[in-house]
Amino acid sequence: MTAPCVWALLLLWACPAEPYRTPYDQRQDPEPDRDRIDPREYHRDASHREVRECRRCCDPGEEPPPQYASQHNPPQYQVAPQINITILKGEKGDSGDRGPYGKSGKAGQMGLQGATGIKGTKGSMGPPGEPCKSYFAAFSVGRKKALHSNDYYQTLVFDTELVNLYGHFNMFTGKFYCYVPGIYYFSLNVHTWNQKETYLHVMHNEREVVILYAQPSDRSIMQSQSLMLELERDDQVWVRLFKGERENAIFSDDFDTYITFNGHLIKPKNEL
C-alpha cells in the first residue's frame with residue numbers, strides 16, 4: 001500500500017500541470033493578436049465589429065440609422081397666425097337685386113277631394129241676350145225671262161231659286177236682306193242682246209256700287225261682274241236695269257237660265 005502512493009506522488013511531481021482551456025470553437029470572439037494579423041484585415045474586422053455594436057440613437061453628435069430616422073425626425077409644422085374675423089367684420093351691406101325665378105318643379109299628385117261647401121245664394125238676373133242668329137248666309141237665284149228697258153229703272157226680279165239659305169233673299173222683291181253683318185261676296189252673270197246695249201247696276205241699298213255694261217254687237221255674249229261688300233244688319237243688295245234713255249236689254253228664254261245672281265257670307269262681323 002505504501003509503495004503505490006509513493007509512485008503516484010513521483011508522477012505528479014514529474015509532469016507539470018497545464019491550466020484548463022476551452023475549445024477554440026467554444027470561445028467567444030477571441031481578440032486576435034495584432035502582431036500576427038494584417039493591418040487591412042484588422043481595420044475591416046473592426047468596421048464589422050462597429051456595425052454589430054449597439055449604439056444609442058440619442059447620443060449627441062450622432063445620426064440615427066436610416067430605419068429610425070423617420071421616427072426621430074417628425075415633420076416640421078409651421079405655425080400659421082390666426083386672425084380674429086370678428087374684429088375685421090364690416091358693416092352689413094344693402095340687399096342685392098332679386099334673382100330670376102328658377103324652373104318650375106314637377107306637378108305633384110292630385111290631393112283628395114275636399115268636403116262640399118255650403119250652397120251659395122242665388123245671383124241676380126243678367127241682361128237679356130241677343131236674338132238667335134244664323135252665322136252664315138248664301139243664295140243663288142236665276143231668271144228665265146228677257147227684260148227690256150223702260151222709262152224708269154227696273155229691279156231685276158228672279159224666278160228660279162237655286163239656293164236660298166234661311167230665306168235671306170226675297171224672291172218677290174228681288175233683293176237680298178242682310179241678317180248676319182259681315183263681309184259678303186256677290187257675282188252677277190247676264191246674256192246680252194243682239195244690237196242692243198246691256199246696262200245694269202249692282203246696288204247697295206240705294207247706292208250704285210258697280211256697273212255691268214256691254215256695247216251693242218252683232219252677236220250676243222255672256223257678261224259677268226263680281227264684288228265684295230261689308231254689310232250691316234238690314235242692308236239690301238239688288239240689281240236694276242238702267243232706264244230707257246238708251247236701248248238696252250238682257251236676253252233669256254223660257255227654257256234655259258241665262259241670268260244668275262249669287263252671294264254668300266265670307267266672314268261675320270263678330271269674327272273680324
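## A cluster of rings

Ring pairs join Phe139, Phe158, Phe169, Phe176, Tyr184, Phe186 and Phe261 into a cluster. Keep in mind as you look around that this is a predicted model. Across the whole structure, a search turns up 16 aromatic pairs.

One of these pairs brings together Phe176 and Phe186: the ring centres lie 5.9 Å apart and the planes meet at 65°, so the pair is edge-to-face. Phe176 belongs to strand β6 (residues 175-177) and Phe186 to strand β7 (residues 182-191), so their pairing ties together parts that are ten residues apart in sequence. Both Phe176 and Phe186 are buried.

## A pair between two loops

Trp193 and Phe251 are worth a visit too. With ring centres 5.5 Å apart and planes at 80°, Trp193 and Phe251 also count as edge-to-face, because planes over 60 degrees apart fall in that class.

Trp193 is found in the loop between β7 and β8 (198-204), and Phe251 in the loop between β12 (249-250) and β13 (259-268), so this pair ties together parts that are 58 residues apart in sequence. How buried or exposed are these two residues? Trp193, at 25% relative accessibility, counts as partly exposed, and Phe251, at 26%, counts as partly exposed.

## Charges over rings

Trp193 has another partner to look at: the charged end of Lys196 sits over the Trp193 ring, 4.9 Å from its centre.

Trp238 offers a further example, with the charged end of Lys175 placed over its ring at 4.6 Å from the centre.

Notes:
Residues are numbered from 1 along each chain as its sequence is written. This is a predicted model: local features need pLDDT of at least 70, side-chain atom pairs count only at pLDDT 80 or more; totals for chains, interfaces and linings use all residues. Side-chain values use heavy atoms; hydrogens and water are left out. Rings of Phe, Tyr and Trp (its six-membered ring) pair if their centres lie within 6.5 Å; planes under 30 degrees apart count as stacked, over 60 as edge-to-face and the rest as tilted. Helices (H or I, at least four residues) and strands (E, at least two) are DSSP runs, numbered from the N terminus. Buried means under 20% relative accessible area, exposed over 50%, partly exposed in between (1.4 Å probe, protein chains only). A charge sits over a ring if NZ of Lys or CZ of Arg is within 6 Å of the ring centre and within 35 degrees of the ring normal.
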